[in-house]
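Let's walk through this model together, from a patch on its surface to its overall form and its charges. Keep the structure open as you read.

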Amino acid sequence: ISKLKHLSVSTETKIKGKDVFIKEMLSEMQRLNNINAMVVQQNTKDNEKKHQLENLKKQIDDLSHSHADSLGKKRELEQTLLSLQAQIEEKDALMQQQHSKIKELNSFT
C-alpha cells in the first residue's frame, strides 16, 4: 500500500508538473502571438510608408519630366523670340534703306 501511495503521489506530482508545463507553454504561445501581431502591424505600417514613398518618387519623376518639358518649351520659345527679333532687325534695316532712298529721291526734287 505504501508503494501504491508513493506511486500515486509520484503520478500526481507528474500530472501537476505537466499542467504547469502546459500552462507555461500556453503563456509562451500567447506571448509569441502578441509579438507576431505587433510584427504584422509594423509590417503593415512599413508597407504603407513604402507605398507613400513610391508615390512621392513617382510625383517627383512626373514633376521632373514636366519641368524638362517646360524647359524644352522655354528654349523653343526663346529660339522663336530670337528668330523674330532677327527678322524685325532685318526689316528695320530694310526700312532704314528705303527711308534713306526716299530722302535721297526727295532731295532731287
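**A patch, a helix and three salt bridges**

Phe21, Ile22, Met25, Leu26 and Met29 come together as a nonpolar patch on the surface, with a joint accessible area of about 510 Å². Patches are built from residues with over 30% relative accessible area and no salt bridge, joining nonpolar side chains (Val, Leu, Ile, Met, Phe, Trp, Tyr) within 5 Å and like charges within 9 Å. Accessible areas follow the Shrake-Rupley method with a 1.4 Å probe, and for residues only the protein chains shown count as cover.

A word on the basis of all this: the model is predicted, with local features needing pLDDT of at least 70 and side-chain atom pairs counting only at pLDDT 80 or more, while totals for chains, interfaces and linings use all residues. Residues are numbered from 1 along each chain as its sequence is written, and side-chain values use heavy atoms, leaving out hydrogens and water.

Now look at Phe21, which sits in helix 1 (residues 2–108). Its relative accessible area of 49% makes Phe21 partly exposed, a class between buried (under 20%) and exposed (over 50%), using a 1.4 Å probe and protein chains only. Across the chain, buried residues make up 0% of the 109 residues.

Step back to the whole chain, and you find one helix and zero strands; these are DSSP runs, numbered from the N terminus, with at least four residues (H or I) for helices and at least two (E) for strands. The radius of gyration is 46 Å, well over the 13 Å that the globule rule gives for 109 residues, so the chain is more spread out than a compact globule. That radius is taken over C-alpha atoms, and the rule is 2.2 Å times the number of residues to the power 0.38. Along the principal axes, the C-alpha atoms fill a box of roughly 160 × 10 × 10 Å.

How many salt bridges are there? The count comes to three, where a salt bridge is a side-chain nitrogen of Lys or Arg within 4 Å of a carboxyl oxygen of Asp or Glu. Arg31 pairs with Glu28 at 2.8 Å, N to O; these two are three residues apart in helix 1, about one helical turn. Asp62 bridges to Lys58, with their closest N and O atoms 3.2 Å apart. Here Asp62 is partly exposed at 39% relative accessibility, whereas Lys58 is exposed at 51%. Finally, Glu78 and Lys74 meet at 4.0 Å, N to O, and they are four residues apart in helix 1.
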